[in-house]
Amino acid sequence: MFQATIDPVAGSVALSAAVGCIPLVTFFVCLVALKMKAHVSAIIALFISILVAIFGFNMPTDLTIYSAIEGAVYGLFPICLIIVAAVWFYNITVVSGRYKDLGRIFNIIGGGDVRMQALLIAFCFGALLESLAGFGAPIAITATMILGLGIKPIRAAMTVLLANTAPVAFGAVAVPIVTAGNMAPGAAGAAATSTHVAAIVGCQAPLFALVVPLLVMIILDGKQGLKDCWLPALVCGLSFGLAQHWCSNYFTYELTDIVASIVSMGVSVLFLHFWKGRGIEESRIRMGLDPVDTSHKSKLTPARVWMAVMPYLVIIVVFVLGKMVLPLTAFDIKVPWPGLTEIAADGTVVSLVLNAAGNNPGTIFNVTWLSNPGTMILVAGIIVTLIYHFFNDNGWFKLSFGAAFSELGKVCYRMRYSILTIACVLSLAYVMNFSGQTISIGQFLAGTGALFAFLSPVLGWVGTAVTGSDTSANALFSSLQAEAANANPALQHVSSDLFLAANTMGGVTGKMVSPQSLAIAASATYETESTLFKKLLPWSLGMLFVLCLLVFAQSHFLYFMIP
């Protein structure tokens, strides 16, 4: 049996923390300084973490390897399953051609104002895509759609990157929050921790969602754009934020972005129906656009509109049934991880790995084969495929099952390196957690006292800014955040889940300047990553500073903001 300690290197917490940082530093240096591919960087960092665990933290070799394998499997299931299923779900609409009708709908509901059209696409529809896929897919899709409106590439790229921040915390069916709960489960367990973290994030994220549409107006049309459109932009952000708060705290947090995006879209469309736009033609002149083209209206029929929005209604119904009605969690299977556990004489499962507090760090693997969001998305995709196969406004539709399901194989192939990266990052996180590397780093950071509450979001910002994934940032730092908070005497009065939420929200502010996001936006708009980085970095750092102040205030006097 192996039990982690906080000072295995020369009996020093500071030195142990420094050694424990080596895998993370290796990952960041390979990715940013040496410009290696993400999966190559992750593989190298994983190898270094294994060496540090064995030779620096005295973890037996076999337990280290088994820990790495469990982490990799968790990265594949459920994390990668969710992502692959979500991307495949969207691609069904692309293969069927229905996504084109969705674009035409946006052209109509914007009320003739290209600024509002861009906001609805980047903010509302982008959030819906983020809730399903994440990992850069919304950036590429919405950037292309906004370019189709005639907006200049630099403005289109900045718009989608900034708008993509609002839904990141609950993106890919809340995978970042699920990961945080699994990497640093509280006393009540991983599921309860994720639920509480989601509720806290649901009190933080709406504040940023309220502001983002206003910033988008500035990017699109400067101060005049904000002056003309501040009211509908505020309505859009306010409705999104309120829906985020309600769904994450009182409904089911996995559906937060789906509900928020649909509510925001519906409220905005209704408001634009009664609100008379200001300076619409003048704004098109300032932005160098042609006069409004209304020829697309004749191409849409009620049936085509219904078939374009139907997939997103199906997925909501499936999730409501799976999360709120059917007892799918009763079919979860608890599997003691081979090599990390053994069966005692009385039949109880004994963990061969303990953390510094003497608790099981997570050697029981939970197989959520039915209750997993990835499974539900696959079911929703099959239902949509059936509908697109048999029905449309002209009778029989020609989307074959072969075309739909072959797309699933194509998605897996296209995402092969992303899947490898996620598996390696989760493997790295498990090795660092089980061997005690994150505990040592957290114990050292706990020495910063009350200042840790201010610095906590910075870890999430760094993790997401470098890896491009809030999920990866939570995998890397969630356990560290919890350990640092629990060991900090100045923060004993507040739940450590606040700092898991801070890590998640820190990732939200860092997403727009991550190399992955910049590369996707640049390739879609033919802009350069360096130009986008220089223009967006001040926005990102400004949002991070506000978040740091918010978390510090929540931990000291704004207690009512912690559910």
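Buried means under 20% relative accessible area, exposed over 50%, and partly exposed in between; with those cut-offs in hand, the tour of this predicted model can begin at a single side chain.

**Helix α14 and its surface**

Select valine 379, which is found in helix α14 and, because its relative accessibility is 38%, counts as partly exposed. If you then add valine 314 to the selection, you have two residues that are 65 apart in sequence, with their C-alpha atoms 9.7 Å apart in space.

Stay on α14 and move to phenylalanine 390, which has its place in this helix and is partly exposed, with a relative accessible area of 35%. Widen the selection to Ile382, Leu386, Phe390, Phe391, Phe401 and Phe405, and you will have the residues that make a nonpolar surface patch of about 530 Å². Which helix gives the most to the nonpolar patch? Helix α14 does, with 3 residues, although α14 (373-390) and α15 (401-414) each supply at least two.

**Charges and a ring, from 407 to 416**

Next, show the side chains of arginine 414 and glutamate 407, which meet in a salt bridge with an N to O distance of 2.9 Å. The two partners can be told apart by their accessibility, since arginine 414 counts as partly exposed at 49%, whereas glutamate 407 counts as buried at 9%. Then select arginine 416 together with tyrosine 413: the arginine lies over the face of the tyrosine, at 3.9 Å from the ring centre.

**The salt-bridge network around arginine 115**

The structure holds 6 salt bridges, and the next stop is a set of residues that such contacts join together. Select Asp113, Arg115, Asp221, Asp228 and Arg286, which are linked in a network of salt bridges. Centre the view on arginine 115, a buried residue with a relative accessible area of 0%. Aspartate 113 forms a salt bridge with this arginine, the closest N and O atoms being 3.0 Å apart, and aspartate 113 is buried as well. Aspartate 228 also forms a salt bridge with arginine 115, here with the closest N and O atoms 3.2 Å apart. Because aspartate 228 lies in helix α10 (residues 190-250) and arginine 115 in helix α6 (residues 114-132), this pair ties together parts that are 113 residues apart in sequence. At 8% relative accessibility, aspartate 228 too counts as buried.

**Aromatic pairs**

Switch now to the rings, for which a search of the whole structure finds 13 aromatic pairs. One of them is formed by phenylalanine 89 and tyrosine 312, an edge-to-face arrangement with 6.3 Å from centre to centre and 70 degrees between the planes. The pair links distant parts of the chain, with phenylalanine 89 in helix α4 (residues 61-96) and tyrosine 312 in helix α13 (residues 302-325), 223 residues apart. Are phenylalanine 89 and tyrosine 312 buried or exposed? Both are buried.

Another pair to select is tryptophan 337 with phenylalanine 365, which is tilted, at 5.4 Å from centre to centre and 50 degrees between the planes. Tryptophan 337 lies in the loop between β2 (333-336) and β3 (341-343), and phenylalanine 365 in strand β6 (residues 364-367), so the pair ties together parts that are 28 residues apart in sequence. Both tryptophan 337 and phenylalanine 365 are buried. To leave the rings, select Tyr74, Tyr430 and Phe434, which ring pairs link into a cluster.

**Backbone stops**

Most residues other than glycine have a negative phi, and most peptide bonds are trans, so the following places deserve a look at the backbone itself. The peptide bond from phenylalanine 77 to proline 78 is cis, with omega near 20 degrees, and proline 78 lies in helix α4. Lysine 35, which is not a glycine, has a positive phi of about 55 degrees; this lysine has its place in the loop between α2 (22-33) and α3 (38-56) and is exposed, with a relative accessible area of 71%. Asparagine 58, found in the loop between α3 and α4, likewise has a positive phi, near 60 degrees.

**Last stop: helix α11**

Finish with helix α11 (residues 256-274), whose 19 residues should span 27 Å at 1.5 Å a residue, in agreement with end C-alpha atoms that are 27 Å apart. Colouring by accessibility will bring out the buried residues of this helix, among them Thr256, Asp257, Ile258, Met265 and Leu272.

How values were computed
Residues are numbered from 1 along each chain as its sequence is written. This is a predicted model: local features need pLDDT of at least 70, side-chain atom pairs count only at pLDDT 80 or more; totals for chains, interfaces and linings use all residues. Side-chain values use heavy atoms; hydrogens and water are left out. Patches are made of residues with over 30% relative accessible area and no salt bridge: like charges are joined within 9 Å, nonpolar side chains (Val, Leu, Ile, Met, Phe, Trp, Tyr) within 5 Å. Accessible areas come from the Shrake-Rupley method with a 1.4 Å probe; for residues, only the protein chains shown count as cover. A salt bridge is a side-chain nitrogen of Lys or Arg within 4 Å of a carboxyl oxygen of Asp or Glu. Helices (H or I, at least four residues) and strands (E, at least two) are DSSP runs, numbered from the N terminus. Buried means under 20% relative accessible area, exposed over 50%, partly exposed in between (1.4 Å probe, protein chains only). The expected span of a helix is 1.5 Å times one less than its number of residues. Rings of Phe, Tyr and Trp (its six-membered ring) pair if their centres lie within 6.5 Å; planes under 30 degrees apart count as stacked, over 60 as edge-to-face and the rest as tilted. A charge sits over a ring if NZ of Lys or CZ of Arg is within 6 Å of the ring centre and within 35 degrees of the ring normal.
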